[in-house]
Amino acid sequence: MRSISAAGWWTAVVVKKEKARIAFETETRRGVDPGLVEHVAGNVYRTRIYPLPALGTRRIQVTYVAELPANQEGDAACLLPMPIGATVGRLAIRVEVSQGVVKPEIGGFGNLRFQAFENLWICSDRGP
């Protein structure tokens, strides 16, 4: 399944490898510029996006959704491993937490704080 948002982004879902390969080849035959994110192993993914203009860039956005188990104190952690010694040009982060009575806290991202928005607590470097 895929759809295009008002911002021009394609939204896709995870499917089994064979189904993804068939979809990729079908889109290519239809003349649509395909993109594919493959799970290699563990937390390693490979992207294939076509075409890339000479000396140009393409922008991708990967959204990872997971429930974080809490410890006995109610703390939960999500680690974002980055390559050692590598520089990330730009990292945008948005964290959404189902709204409960206690306002969640975030650490390690400077002055980011959660704000109530509808039925969620949202923390983002771009605002809710």
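This report walks through the salt bridges, the nonpolar core and a surface patch of a predicted model.

Let's start with the charged pairs. The structure holds 4 salt bridges, and three of them are set out here.

| Acidic residue | Basic residue | Closest N to O |
|---|---|---|
| Glu-18 | Arg-21 | 2.3 Å |
| Glu-25 | Arg-21 | 2.8 Å |
| Glu-27 | Arg-30 | 2.8 Å |

Glu-18, Arg-21 and Glu-25 are linked in a network. Glu-18 and Arg-21 sit 3 residues apart in helix α1 (residues 17-29), so about one helical turn separates them. On the other side of the network, Glu-25 and Arg-21 are 4 residues apart in helix α1, again about one turn. Glu-18 is partly exposed at 44% relative accessible area, as are Arg-21 at 36% and Glu-25 at 31%. The Glu-27 and Arg-30 pair has another pattern: Glu-27 is buried at 14% relative accessibility, while Arg-30 is exposed at 54%.

Now to the nonpolar side. The largest nonpolar core has 5 residues, namely Ile-93, Leu-112, Phe-114, Trp-121 and Cys-123. Beyond close sequence neighbours, the contacts of Ile-93 include Leu-112 and Cys-123, along with Leu-80, Phe-109 and Ser-124. Ser-124 belongs to strand β7 (residues 120-124) and counts as buried because its relative accessibility is 15%, under the 20% cut-off. Its contacts, leaving out residues up to four places away in sequence, are Ile-93, Arg-94 and Leu-112.

Leu-80 and Phe-109 also help make a nonpolar surface patch of about 410 Å², together with Met-82, Val-88 and Leu-91. Val-88 lies in the loop between β4 (44-49) and β5 (94-98) and is partly exposed at 40% relative accessibility.

Methods
Residues are numbered from 1 along each chain as its sequence is written. This is a predicted model: local features need pLDDT of at least 70, side-chain atom pairs count only at pLDDT 80 or more; totals for chains, interfaces and linings use all residues. Side-chain values use heavy atoms; hydrogens and water are left out. Patches are made of residues with over 30% relative accessible area and no salt bridge: like charges are joined within 9 Å, nonpolar side chains (Val, Leu, Ile, Met, Phe, Trp, Tyr) within 5 Å. Accessible areas come from the Shrake-Rupley method with a 1.4 Å probe; for residues, only the protein chains shown count as cover. A salt bridge is a side-chain nitrogen of Lys or Arg within 4 Å of a carboxyl oxygen of Asp or Glu. Helices (H or I, at least four residues) and strands (E, at least two) are DSSP runs, numbered from the N terminus. Buried means under 20% relative accessible area, exposed over 50%, partly exposed in between (1.4 Å probe, protein chains only). Contact means heavy atoms within 4.5 Å. A nonpolar core is a set of buried Ala, Val, Leu, Ile, Met, Phe, Trp, Tyr and Cys residues joined through side-chain atoms within 4.5 Å.
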